[in-house]
Amino acid sequence: SPGFQWSSRHGRLQGAVDYQLTATFYSKQAEANNHRNSLAAKLTGEPIENWLFVDALASIGQEAISPFDRPVTSGFAANDNAAEVRMFSLSPYVRGKLLGAAVYEVRWTAVRTRGASVVGANSDSDTALVSVSSASAARLGWTVQATKQNVDFGSGANSSNDRINAQLNWATTDELRLGLTGGQESTDVVGGARRTYGNWGWTLRWTPTPRTDLSVLSERRYFGNSHSLSFTHRMRRSTLIYTDTRGADNGGGAAGLGQPVSLYSLYFELFAAQEPNPALRDQLVRNYLRAIGQDPSSLVSGGFLTSAVTLQRRQNLALAIQGVRTNISLQAFRGDTSQLQTTGSNLQDALPVRQAGFVASLSYRLSPVSSVSLSATQQRTASTGVQPESDTRSVSLAYSSALGPSVSASFALRYTEFDSLSNPYRESAATASLSVRF
(Lines give C-alpha, C1' and ligand atoms only; values in the text may rest on other atoms or scores of the structure.)
Protein backbone atom coordinates (compact mmCIF):
# COMPACT_ATOMS: atom_id res chain seq x y z
CA SER A 1 0.00 0.00 0.00
CA PRO A 2 2.21 2.89 -1.17
CA GLY A 3 0.92 6.38 -0.53
CA PHE A 4 1.83 9.94 0.36
CA GLN A 5 0.69 12.76 2.63
CA TRP A 6 1.03 16.50 2.11
CA SER A 7 -0.11 19.38 4.30
CA SER A 8 0.46 23.12 4.45
CA ARG A 9 -0.77 25.89 6.71
CA HIS A 10 1.19 28.77 5.16
CA GLY A 11 0.84 30.88 2.06
CA ARG A 12 -2.01 31.20 -0.44
CA LEU A 13 -2.62 27.42 -0.64
CA GLN A 14 -3.44 25.56 2.56
CA GLY A 15 -4.86 22.15 3.37
CA ALA A 16 -3.98 18.47 3.41
CA VAL A 17 -3.83 15.59 0.91
CA ASP A 18 -3.64 11.89 1.83
CA TYR A 19 -3.50 9.28 -0.97
CA GLN A 20 -2.92 5.53 -0.85
CA LEU A 21 -2.95 2.78 -3.49
CA THR A 22 -3.59 -0.73 -2.18
CA ALA A 23 -2.96 -3.77 -4.39
CA THR A 24 -4.23 -7.13 -3.12
CA PHE A 25 -3.11 -10.51 -4.48
CA TYR A 26 -4.64 -13.88 -3.49
CA SER A 27 -2.61 -17.08 -3.64
CA LYS A 28 -5.67 -19.35 -4.14
CA GLN A 29 -8.16 -16.90 -5.64
CA ALA A 30 -6.35 -15.08 -8.44
CA GLU A 31 -9.60 -13.90 -10.04
CA ALA A 32 -10.19 -11.73 -6.97
CA ASN A 33 -6.91 -9.78 -7.34
CA ASN A 34 -7.65 -6.07 -7.23
CA HIS A 35 -6.32 -2.61 -6.50
CA ARG A 36 -8.05 0.16 -4.55
CA ASN A 37 -7.49 3.91 -4.38
CA SER A 38 -7.97 5.92 -1.21
CA LEU A 39 -7.92 9.72 -1.21
CA ALA A 40 -8.84 12.43 1.27
CA ALA A 41 -8.02 15.99 0.19
CA LYS A 42 -9.12 19.39 1.50
CA LEU A 43 -7.56 22.51 -0.01
CA THR A 44 -8.21 26.22 0.31
CA GLY A 45 -6.67 28.78 -2.04
CA GLU A 46 -6.66 32.58 -2.04
CA PRO A 47 -5.64 33.76 -5.56
CA ILE A 48 -6.58 37.38 -4.79
CA GLU A 49 -5.98 38.37 -1.19
CA ASN A 50 -9.13 39.05 0.83
CA TRP A 51 -11.43 38.76 -2.22
CA LEU A 52 -11.14 35.64 -4.42
CA PHE A 53 -11.07 32.21 -2.75
CA VAL A 54 -11.25 28.61 -3.93
CA ASP A 55 -12.27 25.55 -1.88
CA ALA A 56 -11.52 22.08 -3.23
CA LEU A 57 -12.48 18.68 -1.86
CA ALA A 58 -11.69 15.23 -3.21
CA SER A 59 -12.26 11.73 -1.90
CA ILE A 60 -11.92 8.19 -3.20
CA GLY A 61 -13.19 5.26 -1.18
CA GLN A 62 -15.22 2.09 -1.13
CA GLU A 63 -19.01 2.04 -0.74
CA ALA A 64 -21.55 -0.76 -0.63
CA ILE A 65 -23.62 -1.22 -3.80
CA SER A 66 -26.56 -2.61 -1.82
CA PRO A 67 -27.24 -1.86 1.87
CA PHE A 68 -28.60 -5.40 2.33
CA ASP A 69 -25.50 -7.26 1.12
CA ARG A 70 -22.06 -7.54 2.68
CA PRO A 71 -20.82 -4.19 4.06
CA VAL A 72 -17.50 -2.65 3.10
CA THR A 73 -14.80 -3.33 5.69
CA SER A 74 -11.02 -2.96 5.91
CA GLY A 75 -10.56 -6.76 5.81
CA PHE A 76 -8.90 -8.76 3.04
CA ALA A 77 -11.91 -10.89 2.06
CA ALA A 78 -13.06 -10.33 -1.54
CA ASN A 79 -16.35 -8.42 -1.68
CA ASP A 80 -18.50 -8.21 -4.83
CA ASN A 81 -20.75 -5.67 -3.09
CA ALA A 82 -18.01 -3.01 -2.92
CA ALA A 83 -17.57 -0.27 -5.50
CA GLU A 84 -14.95 2.45 -5.72
CA VAL A 85 -16.55 5.90 -5.54
CA ARG A 86 -14.79 9.14 -6.50
CA MET A 87 -16.07 12.53 -5.36
CA PHE A 88 -14.57 15.87 -6.48
CA SER A 89 -15.81 19.31 -5.47
CA LEU A 90 -14.61 22.73 -6.66
CA SER A 91 -16.03 25.92 -5.20
CA PRO A 92 -14.61 29.32 -6.26
CA TYR A 93 -16.15 32.39 -4.64
CA VAL A 94 -15.64 36.10 -4.05
CA ARG A 95 -16.33 37.84 -0.76
CA GLY A 96 -16.17 41.51 0.15
CA LYS A 97 -17.93 44.48 1.71
CA LEU A 98 -20.80 46.36 0.08
CA LEU A 99 -20.94 50.11 0.81
CA GLY A 100 -19.32 49.39 4.18
CA ALA A 101 -22.64 48.22 5.63
CA ALA A 102 -22.97 44.66 4.30
CA VAL A 103 -20.90 41.62 3.34
CA TYR A 104 -21.54 39.90 0.01
CA GLU A 105 -20.56 36.47 -1.28
CA VAL A 106 -20.97 35.03 -4.77
CA ARG A 107 -20.13 31.32 -5.04
CA TRP A 108 -20.32 28.53 -7.59
CA THR A 109 -19.97 24.92 -6.44
CA ALA A 110 -19.54 21.93 -8.74
CA VAL A 111 -19.65 18.38 -7.32
CA ARG A 112 -18.91 15.31 -9.45
CA THR A 113 -19.46 11.80 -8.07
CA ARG A 114 -18.53 8.65 -9.98
CA GLY A 115 -19.25 5.10 -8.87
CA ALA A 116 -17.13 2.48 -10.65
CA SER A 117 -19.32 -0.16 -12.38
CA VAL A 118 -22.51 1.53 -11.08
CA VAL A 119 -23.42 4.14 -13.69
CA GLY A 120 -26.76 4.95 -12.06
CA ALA A 121 -25.02 6.30 -8.97
CA ASN A 122 -23.00 8.88 -10.96
CA SER A 123 -24.13 12.43 -10.24
CA ASP A 124 -23.32 15.98 -11.35
CA SER A 125 -24.36 18.84 -9.09
CA ASP A 126 -23.95 22.55 -9.87
CA THR A 127 -24.99 25.24 -7.39
CA ALA A 128 -24.87 29.03 -7.74
CA LEU A 129 -25.22 31.14 -4.60
CA VAL A 130 -25.53 34.87 -3.93
CA SER A 131 -25.58 36.03 -0.32
CA VAL A 132 -25.73 39.47 1.35
CA SER A 133 -25.57 39.86 5.13
CA SER A 134 -25.09 42.56 7.75
CA ALA A 135 -21.45 43.52 8.27
CA SER A 136 -21.48 44.41 11.96
CA ALA A 137 -21.62 41.97 14.86
CA ALA A 138 -24.44 43.88 16.52
CA ARG A 139 -27.30 42.40 18.52
CA LEU A 140 -29.51 42.39 15.43
CA GLY A 141 -28.28 40.86 12.16
CA TRP A 142 -29.75 39.79 8.81
CA THR A 143 -28.94 37.63 5.78
CA VAL A 144 -30.54 37.30 2.34
CA GLN A 145 -29.50 34.33 0.21
CA ALA A 146 -30.49 33.01 -3.24
CA THR A 147 -29.43 29.63 -4.66
CA LYS A 148 -29.95 27.78 -7.93
CA GLN A 149 -29.07 24.07 -8.07
CA ASN A 150 -29.17 21.43 -10.82
CA VAL A 151 -28.54 17.74 -10.09
CA ASP A 152 -28.21 15.05 -12.77
CA PHE A 153 -27.93 11.33 -11.93
CA GLY A 154 -26.75 8.58 -14.25
CA SER A 155 -30.06 6.84 -13.57
CA GLY A 156 -31.92 9.66 -15.32
CA ALA A 157 -33.25 11.18 -12.09
CA ASN A 158 -32.54 14.84 -12.86
CA SER A 159 -33.86 17.80 -10.89
CA SER A 160 -33.47 21.51 -10.22
CA ASN A 161 -34.10 23.67 -7.16
CA ASP A 162 -34.30 27.48 -6.98
CA ARG A 163 -34.55 29.06 -3.54
CA ILE A 164 -34.52 32.52 -1.97
CA ASN A 165 -34.38 32.82 1.78
CA ALA A 166 -34.01 35.59 4.39
CA GLN A 167 -32.89 35.24 7.99
CA LEU A 168 -33.11 37.65 10.92
CA ASN A 169 -30.82 37.00 13.93
CA TRP A 170 -31.10 38.44 17.42
CA ALA A 171 -28.41 38.04 20.09
CA THR A 172 -30.45 38.12 23.29
CA THR A 173 -27.29 37.65 25.38
CA ASP A 174 -23.63 36.93 24.70
CA GLU A 175 -24.42 33.20 25.03
CA LEU A 176 -27.79 32.94 23.23
CA ARG A 177 -28.66 33.90 19.66
CA LEU A 178 -32.11 33.36 18.08
CA GLY A 179 -33.20 33.61 14.46
CA LEU A 180 -36.21 33.50 12.13
CA THR A 181 -36.08 32.34 8.49
CA GLY A 182 -38.54 32.68 5.63
CA GLY A 183 -38.72 32.49 1.86
CA GLN A 184 -39.78 30.19 -0.96
CA GLU A 185 -38.36 27.55 -3.29
CA SER A 186 -39.33 26.12 -6.67
CA THR A 187 -38.37 22.52 -7.47
CA ASP A 188 -39.32 19.49 -9.54
CA VAL A 189 -37.76 16.87 -7.24
CA VAL A 190 -41.10 15.42 -6.10
CA GLY A 191 -43.28 14.09 -8.91
CA GLY A 192 -41.22 15.64 -11.73
CA ALA A 193 -43.52 18.70 -12.02
CA ARG A 194 -42.15 22.05 -10.88
CA ARG A 195 -43.97 23.50 -7.90
CA THR A 196 -43.40 26.44 -5.57
CA TYR A 197 -43.29 25.93 -1.81
CA GLY A 198 -43.14 28.37 1.09
CA ASN A 199 -40.25 28.04 3.55
CA TRP A 200 -40.17 29.18 7.15
CA GLY A 201 -38.32 28.22 10.28
CA TRP A 202 -36.20 29.24 13.27
CA THR A 203 -32.63 28.90 14.55
CA LEU A 204 -30.94 28.79 17.94
CA ARG A 205 -27.28 29.01 18.96
CA TRP A 206 -26.39 28.61 22.66
CA THR A 207 -22.81 28.69 23.97
CA PRO A 208 -23.04 28.84 27.77
CA THR A 209 -19.29 28.12 28.06
CA PRO A 210 -16.36 28.03 25.59
CA ARG A 211 -16.53 24.23 25.83
CA THR A 212 -20.27 23.78 25.23
CA ASP A 213 -22.10 24.51 21.97
CA LEU A 214 -25.72 23.82 21.01
CA SER A 215 -26.95 24.70 17.52
CA VAL A 216 -30.50 24.08 16.20
CA LEU A 217 -32.11 24.76 12.81
CA SER A 218 -35.75 23.86 12.07
CA GLU A 219 -37.42 24.61 8.73
CA ARG A 220 -40.44 23.75 6.60
CA ARG A 221 -39.26 22.62 3.16
CA TYR A 222 -40.73 21.08 0.00
CA PHE A 223 -40.37 17.56 1.45
CA GLY A 224 -41.83 18.46 4.86
CA ASN A 225 -40.05 19.28 8.10
CA SER A 226 -36.26 19.69 8.03
CA HIS A 227 -33.99 20.03 11.04
CA SER A 228 -30.36 20.05 12.09
CA LEU A 229 -29.28 19.72 15.71
CA SER A 230 -25.67 19.69 16.89
CA PHE A 231 -24.44 19.49 20.49
CA THR A 232 -20.76 19.51 21.50
CA HIS A 233 -19.29 19.42 24.98
CA ARG A 234 -15.58 19.25 25.74
CA MET A 235 -14.15 18.34 29.09
CA ARG A 236 -10.51 18.20 30.12
CA ARG A 237 -9.85 14.77 28.61
CA SER A 238 -13.07 13.90 26.81
CA THR A 239 -15.35 15.14 24.03
CA LEU A 240 -19.04 14.41 23.46
CA ILE A 241 -20.76 15.14 20.14
CA TYR A 242 -24.40 14.46 19.20
CA THR A 243 -25.99 15.36 15.87
CA ASP A 244 -29.51 14.84 14.54
CA THR A 245 -30.37 15.85 10.97
CA ARG A 246 -33.29 15.44 8.57
CA GLY A 247 -33.07 16.76 5.04
CA ALA A 248 -32.63 16.09 1.33
CA ASP A 249 -29.36 14.73 -0.05
CA ASN A 250 -28.37 14.73 -3.73
CA GLY A 251 -25.67 12.07 -3.38
CA GLY A 252 -22.74 14.42 -3.84
CA GLY A 253 -22.06 15.33 -0.24
CA ALA A 254 -19.21 14.04 1.88
CA ALA A 255 -21.45 12.95 4.76
CA GLY A 256 -24.91 11.59 5.36
CA LEU A 257 -26.61 8.22 5.55
CA GLY A 258 -25.75 7.39 1.98
CA GLN A 259 -22.08 8.27 2.34
CA PRO A 260 -19.34 6.36 4.17
CA VAL A 261 -18.04 7.69 7.48
CA SER A 262 -14.46 6.70 8.26
CA LEU A 263 -12.76 6.77 11.65
CA TYR A 264 -10.55 9.59 10.32
CA SER A 265 -13.48 11.76 9.18
CA LEU A 266 -15.25 11.23 12.50
CA TYR A 267 -12.24 12.29 14.58
CA PHE A 268 -11.55 15.15 12.16
CA GLU A 269 -14.93 16.60 13.15
CA LEU A 270 -14.45 15.53 16.77
CA PHE A 271 -11.25 17.58 17.11
CA ALA A 272 -12.61 20.66 15.30
CA ALA A 273 -13.00 22.67 18.50
CA GLN A 274 -9.59 21.60 19.74
CA GLU A 275 -7.76 22.57 16.51
CA PRO A 276 -9.63 24.81 13.99
CA ASN A 277 -6.79 24.80 11.43
CA PRO A 278 -7.48 21.91 8.98
CA ALA A 279 -3.82 21.14 8.27
CA LEU A 280 -2.83 21.04 11.94
CA ARG A 281 -5.97 19.05 12.76
CA ASP A 282 -5.11 16.49 10.07
CA GLN A 283 -1.77 15.75 11.74
CA LEU A 284 -3.36 15.78 15.20
CA VAL A 285 -5.97 13.18 14.18
CA ARG A 286 -3.47 10.92 12.41
CA ASN A 287 -1.00 11.04 15.28
CA TYR A 288 -3.79 10.26 17.75
CA LEU A 289 -5.13 7.29 15.77
CA ARG A 290 -1.60 5.99 15.22
CA ALA A 291 -0.92 6.24 18.96
CA ILE A 292 -3.96 4.12 19.84
CA GLY A 293 -3.32 1.60 17.04
CA GLN A 294 -6.40 2.42 14.91
CA ASP A 295 -6.63 2.48 11.09
CA PRO A 296 -7.78 5.94 9.89
CA SER A 297 -9.57 4.38 6.90
CA SER A 298 -11.70 2.05 9.06
CA LEU A 299 -15.39 2.68 8.41
CA VAL A 300 -17.75 3.65 11.21
CA SER A 301 -20.72 3.27 8.88
CA GLY A 302 -20.15 2.11 5.33
CA GLY A 303 -23.03 3.84 3.58
CA PHE A 304 -24.37 2.73 0.20
CA LEU A 305 -24.80 4.05 -3.31
CA THR A 306 -27.88 6.10 -4.21
CA SER A 307 -29.23 6.96 -7.68
CA ALA A 308 -31.66 9.80 -6.90
CA VAL A 309 -32.29 12.64 -4.46
CA THR A 310 -33.12 11.07 -1.10
CA LEU A 311 -34.75 12.12 2.15
CA GLN A 312 -32.47 11.26 5.07
CA ARG A 313 -32.79 11.25 8.84
CA ARG A 314 -29.57 10.51 10.68
CA GLN A 315 -28.49 10.54 14.33
CA ASN A 316 -24.85 10.30 15.43
CA LEU A 317 -23.31 10.03 18.88
CA ALA A 318 -19.55 10.19 19.41
CA LEU A 319 -17.63 10.01 22.69
CA ALA A 320 -13.85 10.12 23.03
CA ILE A 321 -11.99 9.82 26.34
CA GLN A 322 -8.24 10.36 26.45
CA GLY A 323 -6.46 9.08 29.54
CA VAL A 324 -2.81 9.05 30.45
CA ARG A 325 -2.44 5.57 28.95
CA THR A 326 -6.01 4.47 28.22
CA ASN A 327 -8.17 5.78 25.38
CA ILE A 328 -11.85 4.98 24.90
CA SER A 329 -13.96 5.88 21.89
CA LEU A 330 -17.58 5.14 21.05
CA GLN A 331 -19.45 6.04 17.88
CA ALA A 332 -23.09 5.09 17.34
CA PHE A 333 -25.43 5.98 14.49
CA ARG A 334 -28.99 5.41 13.33
CA GLY A 335 -30.48 6.51 10.02
CA ASP A 336 -33.41 6.24 7.64
CA THR A 337 -33.35 7.05 3.94
CA SER A 338 -36.01 7.01 1.22
CA GLN A 339 -36.04 8.25 -2.36
CA LEU A 340 -37.79 11.51 -3.18
CA GLN A 341 -37.60 10.71 -6.91
CA THR A 342 -38.89 7.71 -8.85
CA THR A 343 -36.32 5.91 -11.02
CA GLY A 344 -37.55 3.29 -13.49
CA SER A 345 -39.96 0.54 -12.55
CA ASN A 346 -37.91 -1.03 -9.74
CA LEU A 347 -40.10 -0.44 -6.70
CA GLN A 348 -37.42 -1.83 -4.39
CA ASP A 349 -35.40 1.36 -4.86
CA ALA A 350 -38.26 3.41 -3.40
CA LEU A 351 -38.53 1.38 -0.19
CA PRO A 352 -37.12 3.08 2.93
CA VAL A 353 -33.79 1.79 4.27
CA ARG A 354 -33.15 1.76 8.01
CA GLN A 355 -29.67 1.22 9.44
CA ALA A 356 -28.12 1.36 12.89
CA GLY A 357 -24.73 0.49 14.29
CA PHE A 358 -21.80 1.33 16.54
CA VAL A 359 -18.02 1.20 16.78
CA ALA A 360 -16.38 0.92 20.20
CA SER A 361 -12.67 0.74 20.93
CA LEU A 362 -10.47 0.52 24.00
CA SER A 363 -6.73 1.05 23.68
CA TYR A 364 -3.93 0.93 26.25
CA ARG A 365 -0.45 2.35 25.75
CA LEU A 366 2.03 -0.25 27.00
CA SER A 367 5.02 2.01 26.43
CA PRO A 368 5.82 5.25 24.60
CA VAL A 369 6.11 3.24 21.34
CA SER A 370 3.64 0.35 21.70
CA SER A 371 -0.05 -0.13 22.42
CA VAL A 372 -2.78 -2.76 22.42
CA SER A 373 -6.39 -2.15 21.37
CA LEU A 374 -9.70 -4.00 21.48
CA SER A 375 -12.54 -2.94 19.19
CA ALA A 376 -16.04 -4.14 18.38
CA THR A 377 -18.44 -3.08 15.61
CA GLN A 378 -22.01 -3.82 14.59
CA GLN A 379 -24.15 -2.63 11.67
CA ARG A 380 -27.73 -3.74 11.07
CA THR A 381 -29.98 -3.04 8.10
CA ALA A 382 -33.66 -3.64 8.83
CA SER A 383 -35.90 -5.66 6.52
CA THR A 384 -38.07 -3.71 4.06
CA GLY A 385 -40.55 -6.55 3.57
CA VAL A 386 -38.96 -7.28 0.18
CA GLN A 387 -35.29 -7.35 1.17
CA PRO A 388 -34.34 -9.46 4.25
CA GLU A 389 -32.58 -8.07 7.30
CA SER A 390 -28.78 -8.18 7.44
CA ASP A 391 -26.54 -7.91 10.49
CA THR A 392 -22.75 -7.58 10.69
CA ARG A 393 -20.76 -8.06 13.91
CA SER A 394 -17.00 -7.92 14.27
CA VAL A 395 -14.45 -7.94 17.10
CA SER A 396 -10.69 -7.45 16.82
CA LEU A 397 -7.62 -7.39 19.05
CA ALA A 398 -4.51 -5.58 17.80
CA TYR A 399 -0.98 -4.85 18.94
CA SER A 400 1.08 -2.07 17.36
CA SER A 401 4.61 -0.86 17.98
CA ALA A 402 7.10 1.59 16.53
CA LEU A 403 10.27 -0.23 15.50
CA GLY A 404 12.11 3.00 14.76
CA PRO A 405 11.57 6.68 13.96
CA SER A 406 9.88 5.84 10.65
CA VAL A 407 9.01 2.13 10.90
CA SER A 408 6.00 0.62 12.68
CA ALA A 409 4.41 -2.81 12.77
CA SER A 410 1.11 -4.27 13.94
CA PHE A 411 -0.48 -7.67 14.47
CA ALA A 412 -4.24 -8.23 14.73
CA LEU A 413 -6.79 -10.98 15.28
CA ARG A 414 -10.32 -10.48 13.95
CA TYR A 415 -13.58 -12.40 13.88
CA THR A 416 -16.54 -11.27 11.73
CA GLU A 417 -20.08 -12.58 11.25
CA PHE A 418 -22.48 -11.45 8.52
CA ASP A 419 -26.01 -12.79 9.00
CA SER A 420 -28.24 -12.62 5.92
CA LEU A 421 -30.59 -14.96 4.07
CA SER A 422 -28.91 -14.14 0.75
CA ASN A 423 -25.16 -14.28 1.41
CA PRO A 424 -24.09 -15.09 5.00
CA TYR A 425 -20.45 -15.63 5.88
CA ARG A 426 -18.01 -16.05 8.79
CA GLU A 427 -14.42 -14.83 8.83
CA SER A 428 -11.54 -15.56 11.20
CA ALA A 429 -8.41 -13.60 10.35
CA ALA A 430 -4.87 -13.00 11.59
CA THR A 431 -3.11 -10.09 9.90
CA ALA A 432 0.32 -8.51 10.19
CA SER A 433 1.43 -5.21 8.66
CA LEU A 434 4.64 -3.24 8.32
CA SER A 435 4.62 0.51 7.62
CA VAL A 436 7.58 2.64 6.52
CA ARG A 437 7.38 6.44 6.39
CA PHE A 438 9.89 8.57 4.46
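These notebook entries record what I looked up in a predicted model of the protein.

**Entry 1: overall make-up.** I began with the secondary structure and found 23 strands and two helices in the protein. I then turned to burial: of the 438 residues, 40% are buried. I also looked up the exposed surface, which comes to about 22800 Å², with 58% of it supplied by carbon and sulfur atoms. For contacts between residues at least 6 apart in sequence, I noted that 50% join residues at least 24 apart.

**Entry 2: nonpolar cores.** I next asked which residues form the largest nonpolar core. That core has eleven residues, and its aromatic members include Phe 153, Tyr 197, Tyr 222 and Phe 223. Val 151, Ala 157, Val 189, Ala 308, Val 309, Leu 311 and Leu 340 also belong to the largest core. I recorded a second, separate core of eight residues, among them Tyr 264, Tyr 267, Val 285 and Leu 289. As background, I noted that nonpolar side chains tend to be buried together in soluble globular proteins.

**Entry 3: Leu 351.** I located Leu 351 in the loop between strand E18 (326-339) and strand E19 (353-367). Is Leu 351 buried or partly exposed? Its relative accessible area is 25%, and buried means under 20%, so I entered Leu 351 as partly exposed. I then listed its contacts, leaving aside neighbours within four places in sequence: Leu 351 touches Thr 337, Thr 384 and Val 386. For the pair Leu 351 and Val 386, I noted a separation of 35 residues in sequence and a C-alpha to C-alpha distance of 8.7 Å.

Note on methods
Residues are numbered from 1 along each chain as its sequence is written. This is a predicted model: local features need pLDDT of at least 70, side-chain atom pairs count only at pLDDT 80 or more; totals for chains, interfaces and linings use all residues. Side-chain values use heavy atoms; hydrogens and water are left out. Helices (H or I, at least four residues) and strands (E, at least two) are DSSP runs, numbered from the N terminus. Buried means under 20% relative accessible area, exposed over 50%, partly exposed in between (1.4 Å probe, protein chains only). Contact means heavy atoms within 4.5 Å. Accessible areas come from the Shrake-Rupley method with a 1.4 Å probe; for residues, only the protein chains shown count as cover. A nonpolar core is a set of buried Ala, Val, Leu, Ile, Met, Phe, Trp, Tyr and Cys residues joined through side-chain atoms within 4.5 Å.
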